[in-house]
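Visitor: Hi, I'm new to this one. Can you walk me through it?
Guide: Sure. Here it is.

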Amino acid sequence: MKSLPNSAKKLIQEFSNLPGIGKKTAQRLTFYILQIEEEKVSSLSKALLDVKEKILNCNVCNGITEDKVCSICTDPNRDCNIICVVENSYDIIVFEKTNGFNGIYHVLGGTLSPLDGIGPDDLNIQSLLERIDDGMEVILATNSNVEGETTALYLTKILSDKGISLSRLARGIPIGSDLGYIDSATLVRAMEGRTSV
């Protein structure tokens, strides 16, 4: 790496700071940038700046939008009586790809993590409480890691007396998988969440 110019080294470092990008991928991306036309590089840099300058958090769900309220929250065809609570805006994209959910969302902006100093006041919990009315259904869709489970448990505790239907995403064995490759925690959850046939 001594033979690389400083600007190339800096770009490699910046790429490798991105999640999921290792040193070799960062080097490939840097050399790709060096080979393409300047207009494409300008277009890429403009897109990066636009994302930072134009994207806002939705005033209702805290998802991402370029307007005050996102297209999901303003969609009259959405069932506003079902709120899916997710950790971050990317989770909305994951659900939307399935075309299997027609409710609305609420983005917490993370999960509870006392070791990292993230408590209930650091998440969008108060705005969730303000959105909930009697008779609504709230689906807790946090990840099934320690932080996600802790967050779901905390939300269950504070939402249980609100006169709502409260549920958690089902967890278990993925379709097409072999039982021999499933971890024991997933098997236990699958047994606990079994359904009648």
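**Around Thr 142**

Visitor: Which residues does Thr 142 touch, leaving out those up to four places away in sequence?
Guide: Thr 142 touches Val 85, Glu 87, Leu 108, Gly 148, Thr 151, Ala 152 and Arg 168. Keep in mind that this is a predicted model.

Visitor: Where does Thr 142 lie?
Guide: In the loop between strand S5 (137-140) and helix H6 (146-159).

Visitor: Is Thr 142 buried or exposed?
Guide: Buried. Its relative accessible area is 6%, and buried means under 20%.

Visitor: What does its side chain reach?
Guide: The side chain of Thr 142 reaches the backbone oxygen of Gly 148, at 2.9 Å. Gly 148 is also one of the residues that Thr 142 touches.

Visitor: New topic. How many helices and strands are in the protein chain?
Guide: Seven helices and six strands. Along the sequence, the pattern runs α-α-α-β-β-β-α-β-α-β-α-β-α.

Visitor: Why is the chain called more spread out than a compact globule?
Guide: Its radius of gyration is 21 Å, and the globule rule gives 16 Å for 197 residues. The value is well over the rule, so the chain is more spread out than a compact globule. The C-alpha trace spans about 65 × 50 × 35 Å along its principal axes.

Visitor: What share of the residues is buried?
Guide: 29% of the 197 residues count as buried.

Visitor: And the surface, how much does the chain expose?
Guide: About 13,400 Å². Carbon and sulfur atoms supply 55% of that.

Visitor: Last one: how many charges are there?
Guide: There are 20 positive and 26 negative charges, and their mean positions are 8 Å apart.

Definitions and conventions: Residues are numbered from 1 along each chain as its sequence is written. This is a predicted model: local features need pLDDT of at least 70, side-chain atom pairs count only at pLDDT 80 or more; totals for chains, interfaces and linings use all residues. Side-chain values use heavy atoms; hydrogens and water are left out. Helices (H or I, at least four residues) and strands (E, at least two) are DSSP runs, numbered from the N terminus. The radius of gyration is taken over C-alpha atoms; the globule rule is 2.2 Å times the number of residues to the power 0.38. Buried means under 20% relative accessible area, exposed over 50%, partly exposed in between (1.4 Å probe, protein chains only). Accessible areas come from the Shrake-Rupley method with a 1.4 Å probe; for residues, only the protein chains shown count as cover. Lys and Arg count as positive and Asp and Glu as negative; His and the chain ends are not counted. The place of a charge is taken as NZ of Lys, CZ of Arg, CG of Asp or CD of Glu. A polar contact is a pair of N or O atoms within 3.5 Å; within protein, one must be able to donate a hydrogen and the other to accept it, and residues adjacent in sequence count only if both atoms are side-chain atoms. Contact means heavy atoms within 4.5 Å.
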